[in-house]
Amino acid sequence: MERIGILTGGGDCPGLNPVIRAVVKRASIESWQVLGFRNGWRGVVEGEFIVLDDQSVSGILPKGGTILGTSRTNPFKKSGDLEKLKSTMTKHEIKALIAIGGEDTLGAANKLSKEGVAVVGVPKTIDNDLNATDYTFGYDTAINIAMECIDRLHTTAESHNRVIVVEIMGRHAGWIALESGLAGGADVILIPEVPVDIDKVCALIKKRHSRGKTFSIVAVAEGAVLKDQGVVAEQKLDQFGHVRLGGVGQVIGELIEKKTGFETRVTVLGHIQRGGSPTAFDRVLGTRFGVKAVELVKEGKFGNMVSLQGRNIVAVPLEAAVDKLKTVPVDYYQLAEIFFG
Ligand code: F6P
């Protein structure tokens, strides 16, 4: 029986389980066995997997997270890991790997492909910042969660005549803050792509309050930077060397309170944006991605990633997906500014 492997790497996101389910179902048509590697690349390096069949993927479609577990392990970081990964592939006669992940996981997949490993990528991230695909799954769920939170913050901000600053995920790209802010009617939206002019923000809020409004909602992406001051968020590194952000909402909230005199509160949405059940859009996108990934393996189109372009699922080189981040275009931010204040 022919065998393929599948793994989920990086931060989890809603829609991973629909991909896993779709891969298993589509692969069973080819009579291929699917090995589900545990905890991202670490599972392939250590040879740790479970055999996935119809029964193991039954009921997982609506579930958030990933039944395989995930990690930010990179097989190129520790010497010897690459050889261990390759020997897992040979030992279990795995004809190809399907790697589901964001820029780090797919960056490793791209390098592995150049090393001769047969690999196909599936793009995921709530941040929607992967290049070469219109959307990643997980993003739609995240913006709907953030939008609902903004709706809820509106009623309490209004009752107490407060400014509420809501800190939203997005280290390098402000997609979640921008689109949940637009959908939720935030009065100011701050994203990493456009340095924050705090005096302009305060002027907008003051103008709004002078019109008789007694509350404001400010949506800020965690990677936002203050003009003239640069990064204001706390910058710790996680065990894999990634920047862990946090605190920009607090800094901006304090500045707004000081400069406007309006009572201000700060809410950090954090991992709530990544948890729970995927939306219908993300379930369908994940399902279509999973089916296409197996078809790419069947066609021997390794070194590619499945991608949503318009309404179609197509193959694009992994290289195109990881060579740069997809950030928010300036003209889109300018559209959002029409609704500020
Ligand atoms: O990349 C997805 C993401 O959710 C970012 O928006 C966020 O900055 C980061 O992951 C948080 O990662 P961790 O799970 O390591 O806290």
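Biologist: In strand 8, which residue is the bridge partner of Ile189?
Modeller: This is a predicted model. Three bridges join strand 7 (residues 188-190) to strand 8, and the two run parallel. In strand 8, Ile189 has as its bridge partner Ala219.

Biologist: Which residue in strand 8 does Val165 stand opposite?
Modeller: Strand 6 (residues 163-168) runs parallel to strand 8, and six bridges join them. Across from Val165, in strand 8, stands Val218.

Biologist: Is strand 8 largely enclosed or left open by the rest of the structure?
Modeller: Both faces of strand 8 are covered. Ser216, Val218 and Val220 are buried on one side, and Ile217, Ala219 and Ala221 on the other. Six of the six residues of strand 8 (residues 216-221) are buried, so by the rest of the structure this strand is largely enclosed.

Biologist: What is the order of the strands in the open sheet of seven?
Modeller: The pairing in this open sheet is mixed. Strand 1 and strand 4 pair in the parallel sense over six bridges, while strand 14 (residues 304-309) and strand 15 pair in the antiparallel sense. The order of the seven strands is 3-2-1-4-5-14-15.

Biologist: Which strands stand at the edges of this sheet, each with a single partner strand?
Modeller: The order runs 3-2-1-4-5-14-15. Each edge strand has a single partner, so one side of it is left without a neighbour in the sheet. The two at the edges are strand 3 (49-52) and strand 15 (312-317).

Biologist: By how many degrees are neighbouring strands of this sheet turned against each other on average?
Modeller: The sheet in question is the open one with seven strands. Direction is ignored here, and the average turn between neighbouring strands is 30°.

Biologist: What angle does helix 9 make with the direction of strand 14?
Modeller: Helix 9 (residues 280-299) packs on the sheet. It touches strand 1 (3-8), strand 4 (94-101), strand 5 (119-123), strand 14 and strand 15. The angle between the directions of helix 9 and strand 14 is about 140°.

Biologist: In strand 15, what is the bridge partner of Asn304?
Modeller: Strands 14 and 15 are antiparallel and share six bridges. For Asn304, the bridge partner in strand 15 is Pro317.

Biologist: How many residues of strand 4 are buried?
Modeller: Strand 4 pairs in the parallel sense with strand 1 over six bridges, and Ile6 has Ile98 as its bridge partner in strand 4. Strand 4 also pairs in the parallel sense with strand 5, over five bridges, and there Ala99 has Gly121 as its partner. Strand 4 is largely enclosed by the rest of the structure, because the buried residues number seven of the eight.

Biologist: Is the pair of Phe37 and Phe49 stacked or edge-to-face?
Modeller: Six aromatic pairs are present in the structure. The rings of Phe37 and Phe49 have centres 5.7 Å apart. Their planes stand at 75°, and over 60 degrees is the cut-off, so the pair is edge-to-face.

Biologist: Is Phe49 buried or partly exposed?
Modeller: Phe37 in strand 2 (residues 33-37) and Phe49 in strand 3 are twelve residues apart. Phe37 is buried, at a relative accessible area of 0%. Buried means under 20%. Phe49 has a relative accessible area of 26%, so it is partly exposed.

Biologist: Which residues is His92 in contact with, leaving aside its neighbours within four places in sequence?
Modeller: His92 is in the loop between helix 3 (81-91) and strand 4. Its relative accessible area is 16%, so His92 is buried. Neighbours within four places aside, the residues in contact with His92 are Arg3, Leu35 and Phe49.

Biologist: How many residues apart in sequence are the parts tied together by Tyr135 and Phe281?
Modeller: Tyr135 and Phe281 form an edge-to-face pair, at 5.9 Å centre to centre and 80° between the planes. Tyr135 is in the loop between strand 5 and helix 5 (139-160), and Phe281 is in helix 9. The pair therefore ties together parts whose separation in residues is 146.

Biologist: Which residue forms one aromatic cluster with Tyr135 and Phe281?
Modeller: Tyr135 is partly exposed at 33% relative accessible area, and Phe281 is partly exposed at 38%. Joining these two in one aromatic cluster is Tyr139.

Biologist: What distance separates the centres of domain 1 and domain 2?
Modeller: The domain assignment gives domain 1 (3-137 + 278-322) and domain 2 (141-274). In contact are 16 residues of domain 1 and 15 residues of domain 2. Taken over C-alpha atoms, the centres are separated by 33 Å.

Methods
Residues numbered from 1 in each chain as written. Predicted model: local features only at pLDDT ≥ 70, side-chain atom pairs only at ≥ 80, totals over all residues. Heavy atoms only, no water. Pairing = 2+ DSSP bridges. Helix = DSSP H or I, 4+ residues; strand = E, 2+ residues; numbered from the N terminus. Axes fitted to C-alpha atoms, helices over the stretch in contact; angles between N-to-C directions. Contact = heavy atoms within 4.5 Å. Phe/Tyr/Trp six-rings, centres within 6.5 Å; stacked < 30°, edge-to-face > 60°. Buried < 20%, exposed > 50% of the residue type's maximum accessible area, 1.4 Å probe, protein only. Domains from an automatic or database assignment.
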